[in-house]
Amino acid sequence: MAASAAEPDVPPGETQSSNMTHLSNQPKNGALQGTGSDIAFQGKYAFAGNYDGFTVYDLTDKQNPEQVVQVYCPGSQNDISVYKNLLVLSTDSSRSDDSCASTSLPATEKAAWEGIKIWDISNPLAPEYIKSIETECGSHTHSLAPSKSGRDLYAYVSSYSPNATYPDCQPPHDFVSIVKIPVKHPTAAKLVATPNLFPDGGYEGDPTRRASTTSGCHDITTYAKYDLAAGACMGDGILMDIKDRERPRVISQVRDTENFAFWHSATFNNDATKVVFTDELGGGGLATCTDEYAPELGANGIYDIKRSWYGKKELEFASYYKIPRINTAAENCVAHNGSLIPVKGKDIMVQSWYQGGVSVFDFTDSDNPRELAWFDRGEGVSSGGTWSTYYYNGYAYSNDLGIGFDTFDIDDSIDRRAERVKQYSLNPQMQESYGY
């Protein structure tokens with residue numbers, strides 16, 4: 001597609017917003033100069049991933065978080081989750097070993113290591129690395145799901161892109177790796193299952209529109225209260241029954257062969273009657289927010305979860321949502337990671353769009369989503385834009401690929417009710433009911 005000739009809504013080098021205020025930025029520093037990635041929250045702390053490790057921020061001053069710990073442990077993406085005294089990191093790059101002193105190795109070497117790393121954060125100011133689990137094709141992302149008893153924590157490990165030359169990542173790789181972590185004895189964690197989610201092989205892909213072949217999942221979001229999980233799996237979107245945590249069952253599978261190219265991530269609404277899937281067209285490197293790309297491309301797909309007459313839950317397409325602003329052809333922009341804003345009676349989400357910035361949108365009416373607020377840095381301010389933006393206890397926090405950790409205040413006309421909801425923790429890929 002040709003580059004957009006339209007003037008961008010936010011001029012290069014400038015910053016603009018509507019109905020949200022940028023309060024602070026904590027720049028990348030020290031040993032962690034890699035790409036900023038995902039975020040998890042617990043108590044007064046935010047745990048921000050970086051390809052070189054992770055940073056712990058104290059949110060006591062919510063408008064200006066304080067960096068209190070920096071842990072160097074390279075291994076992209078360092079996708080991050082926390083649960084009680086445990087922190088889990090994903091490693092999806094071939095390393096010489098499982099230590100934090102590892103170096104890069106080619107994926108063609110059998111000795112290379114990839115998988116998840118488990119940390120004890122009973123003292124968040126002194127994280128202790130305690131265990132690793134190697135998984136096939138590594139761990140691009142992972143999603144936690146506690147057992148009903150709470151004694152065990154399951155990690156659904158997502159990875160993809162097998163290659164016949166990779167001894168530890170052989171095609172077709174249609175499965176997810178499940179790691180069982182005993183909460184009180186995490187050093188006993190082990191791989192317990194690798195269920196095949198796509199016995200028919202999944203979508204075959206379409207190179208003419210950059211549409212990916214299904215080969216595992218990019219991301220899975222669990223919702224333990226409802227025993228459900230939604231998987232964004234390259235060429236397919238799936239809904240799973242996870243009542244038996246070690247034996248997830250695909251109960252609905254959808255495919256968009258016209259507009260979706262890379263099923264990237266998923267977010268349930270609070271009562272698990274909808275799923276927002278994202279399409280990371282171009283893998284995060286394309287400028288899909290120019291006027292040359294249709295509003296259905298690089299967008300969110302909103303799906304209702306319907307019950308058939310015989311009780312089966314099924315995904316049903318409702319609409320697309322894409323930010324309405326025009327970017328320059330030099331700004332990578334596509335749907336990426338976000339979370340719900342807990343406003344009672346509404347379905348509202350805050351979301352990152354790389355250099356497209358941050359968008360707050362209402363999808364209460366599944367067929368007619370609309371933007372409520374936004375923040376955008378023009379071309380040249382950030383080298384990659386914002387990776388993930390999540391709402392936690394009255395504020396939105398964002399991890400930028402290039403320039404650090406941001407804090408936002410959303411206008412009270414949007415989140416006044418949400419400010420009353422107090423959360424003890426937030427893992428966006430392990431959703432919990434707000435309860436109100």
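Visitor: Where in the chain is the place of histidine 173?
Guide: In this predicted model, histidine 173 is not part of a strand but belongs to a connecting segment. The elements on either side are strand 12 and strand 13. Its place is the loop between strand 12 and strand 13.

Visitor: Is histidine 173 buried or exposed?
Guide: The cut-off for buried is under 20% relative accessible area. Histidine 173 has 2% relative accessibility. With that value, histidine 173 counts as buried.

Visitor: What is the phi of histidine 173?
Guide: Most residues other than glycine have a negative phi. Histidine 173 is not a glycine, yet its phi is positive. The value is about 55°.

Visitor: Which residue does a cis peptide bond join to proline 171?
Guide: Most peptide bonds are trans. The bond in question has an omega of about 5° and is cis. The loop between strand 12 (152-158) and strand 13 (177-182) holds the partner, proline 172. The cis bond thus joins proline 171 to proline 172.

Visitor: In which strand does glutamine 77 lie?
Guide: The peptide bond from serine 76 to glutamine 77 is cis, with omega near 0°. Glutamine 77 lies in a strand that covers residues 77-83. That is strand 7.

Visitor: Is aspartate 227 buried or exposed?
Guide: Aspartate 227 lies in the loop between strand 15 (219-223) and strand 16 (228-233). Its phi is positive, about 55°, although aspartate 227 is not a glycine. Buried means under 20% relative accessible area. At 14% relative accessibility, aspartate 227 counts as buried.

Visitor: How many of the seven residues of strand 27 are buried?
Guide: Strand 27 covers residues 386-392. The strand is largely enclosed by the rest of the structure, because its buried residues number seven of the seven.

Visitor: In what sense do strand 27 and strand 28 pair, parallel or antiparallel?
Guide: Strand 28 covers residues 395-400, and its pairing with strand 27 runs over six bridges. Tyrosine 391 stands opposite alanine 396 in strand 28. The sense of the pairing is antiparallel.

Visitor: Which residue in the turn between strand 27 and strand 28 has a positive phi?
Guide: The two strands form a hairpin, with two residues between them. One residue in this turn has a phi of about 50°. The residue is asparagine 393.

Visitor: Which residues does lysine 344 touch, not counting residues up to four places away in sequence?
Guide: Lysine 344 is found in the loop between strand 23 (338-341) and strand 24 (348-352). Leucine 89 lies 255 residues from lysine 344 in sequence, and their C-alpha atoms are 32 Å apart. A contact needs heavy atoms within 4.5 Å. The residues that lysine 344 touches are Arg417 and Tyr436.

Visitor: What is the radius of gyration of the protein chain?
Guide: The secondary structure comes to one helix and 31 strands. The C-alpha atoms fill a box of roughly 50 × 50 × 45 Å along the principal axes. A compact globule of 436 residues would have a radius of gyration near 22 Å, and the chain agrees with this. The value for the protein chain is 20 Å.

Visitor: What share of the 436 residues counts as buried?
Guide: The protein chain exposes about 16200 Å², of which carbon and sulfur atoms supply 46%. Among contacts between residues at least 6 apart in sequence, 58% join residues at least 24 apart. The buried share of the residues is 62%.

Terms used:
Residues are numbered from 1 along each chain as its sequence is written. This is a predicted model: local features need pLDDT of at least 70, side-chain atom pairs count only at pLDDT 80 or more; totals for chains, interfaces and linings use all residues. Side-chain values use heavy atoms; hydrogens and water are left out. Helices (H or I, at least four residues) and strands (E, at least two) are DSSP runs, numbered from the N terminus. The radius of gyration is taken over C-alpha atoms; the globule rule is 2.2 Å times the number of residues to the power 0.38. Buried means under 20% relative accessible area, exposed over 50%, partly exposed in between (1.4 Å probe, protein chains only). Accessible areas come from the Shrake-Rupley method with a 1.4 Å probe; for residues, only the protein chains shown count as cover. Two strands pair if DSSP finds at least two bridges between them.
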